[in-house]
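New to this one? Take a moment with the sequence and the 3D view, and then let's walk through it together.

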Amino acid sequence: VACRGDRRRSVGRRRRSTGECRLRAYAILRVRVAEEPPRVLVIADPKRVGELAAPLLEPLPPPVGVLDVSASTGGDDAIELFRARGPSVVVITASLEIGDTRSLLEALRELAPRTAIGVVVIGDDDGPIRTPVDAAELAADRFVSRPLAAKALRFAVQSSLEMVALRVGTGGAAPADSVSQARTRTDKGTGVGVPSQLFAPR
């Protein structure tokens with residue numbers, strides 16, 4: 001099954017392909033999780049780290065389960081922690097007190113293949129980045145708006161892990177929709193910016 005978008009396909013065929021791609025991601029994730037818990041790096045200001053990390057300390061739905069969560073307040077510490085931990089997903093706030101989010105993400109992406117990392121950006125409360133469109137320059141795979149909902153954050157991390165598993169398991173093939181589409185569509189049920197065809201909430 002090709003897990004790349006094809007706008008010429010009928011809606012029914014796209015939905016079948018999406019379901020098959022998700023099952024493939026689940027199968028890949030199940031094998032990887034059996035080896036070790038997925039690693040997630042949370043990067044946020046000191047007063048927000050706990051808010052973002054807490055929902056991820058509870059096991060996610062199968063096949064993910066327990067996560068290995070580490071946290072940083074940004075800057076060089078985040079880069080060193082990323083290098084040491086090698087997370088599959090980075091959860092980062094759109095603005096940071098220490099350093100610049102865009103520059104930090106660029107530095108992190110130089111340390112690992114782009115296809116091996118999922119990036120979840122958390123929007124600002126009252127800053128310039130509040131929507132997926134605002135966060136376009138950050139090239140996020142998922143965007144969670146504020147006020148923060150634990151369910152939305154957990155869904156964003158889970159779907160990012162599925163996406164990374166599918167990318168890695170298919171030799172780096174892109175998901176059904178491009179990242180640009182992920183940045184311009186927000187799922188109304190979760191508040192999470194997601195690709196419009198792949199990994200929709202069940």
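Is Ala-165 buried or exposed? It's buried, because its relative accessible area is 0%, and it lies in helix H5. Keep in mind as you read that this is a predicted model.

**The big picture**

- The protein chain is built from six helices and seven strands.
- Following the sequence, you'll meet them in the pattern α-β-α-β-α-β-α-β-β-α-α-β-β.
- Of the 202 residues in the protein chain, 49% are buried.
- The protein chain has an accessible surface of about 9500 Å², and carbon and sulfur atoms hold 53% of that.
- Among contacts with a separation of 6 or more, 70% are between residues 24 or more positions apart.

**Around Ala-165**

- Setting aside neighbours within four places in sequence, Ala-165 is in contact with Ala-25, Ile-28, Leu-29 and Arg-32.
- Thr-115 sits 50 residues away from Ala-165 along the chain, yet their C-alpha atoms are separated by 9.2 Å.

**Two strands and a crossover**

- Strand E1 (residues 39-43) pairs with strand E2 (residues 68-72) in the parallel sense, over five bridges.
- To get from E1 to E2, the chain passes through helix H2 (residues 46-53), and this β-α-β crossover is right-handed.
- If you want one pair to look up, Leu-41 has Ser-70 in E2 as its bridge partner.

**Helix H2 and its cover**

- Arg-48, Val-49, Leu-52 and Ala-53 are the buried residues of H2.
- These residues are on the same side of H2, because they cover an arc of only 130° around the axis.
- Their cover includes E1, E2, strand E3 (89-93), strand E4 (118-122) and helix H5 (150-169).

**Helix H3, inside and out**

- In helix H3 (residues 76-85), the buried residues are Ala-78, Ile-79 and Phe-82.
- Here the arc around the axis is only 100°, so these residues also end up on the same side of their helix, H3.
- What covers them includes E1, E2, E3 and helix H4 (101-109).
- Look at the face of H3 turned away from the buried side and you'll find the exposed residues Asp-76 and Ala-84.
- Just after H3 comes Gly-86, with a positive phi of about 60°.

**The nonpolar cores**

- In soluble globular proteins, nonpolar side chains tend to be buried together.
- In this model, the largest nonpolar core has 22 residues, and those with the most contacts inside it are Val-40, Leu-56, Leu-67, Val-91 and Val-157.
- Helix H1 (11-35), E1, H2, E3, E4 and H5 are the elements that give two or more residues to this core.
- H5 gives the most to this core, with six residues.
- Which residues does Val-40 touch, not counting residues up to four places away in sequence? They are Leu-56, Leu-67, Asp-68, Val-69, Ser-70, Pro-87, Val-89, Val-91 and Val-157.
- Apart from the largest core lies another core, of 20 residues, including Val-90, Ala-94, Leu-96 and Leu-138.

**Backbone oddities**

- Most residues other than glycine have a negative phi, and most peptide bonds are trans.
- A cis peptide bond joins Pro-62 and Pro-63, where omega is about 10°; Pro-63 belongs to the loop between H2 and E2.
- Arg-146 and Pro-147 are also joined by a cis peptide bond, with omega of about 5°. You'll find Pro-147 in the loop between strand E5 (142-144) and H5.
- Ala-139 isn't a glycine, but its phi is positive, near 55°.
- Look for Ala-139 in the loop between E4 and E5.
- How exposed is Ala-139, and what is its relative accessibility? Ala-139 counts as partly exposed because its relative accessibility is 23%, and buried would call for under 20%.

Note on methods:
Residues numbered from 1 in each chain as written. Predicted model: local features only at pLDDT ≥ 70, side-chain atom pairs only at ≥ 80, totals over all residues. Heavy atoms only, no water. Pairing = 2+ DSSP bridges. Helix = DSSP H or I, 4+ residues; strand = E, 2+ residues; numbered from the N terminus. Right-handed = clockwise from strand over helix to strand, strands pointing away. Buried < 20%, exposed > 50% of the residue type's maximum accessible area, 1.4 Å probe, protein only. Arc of directions from axis to C-beta. Contact = heavy atoms within 4.5 Å. Areas by Shrake-Rupley, 256 points an atom, 1.4 Å probe, with all protein chains shown as cover. Core = buried A, V, L, I, M, F, W, Y, C linked by side-chain atoms within 4.5 Å.
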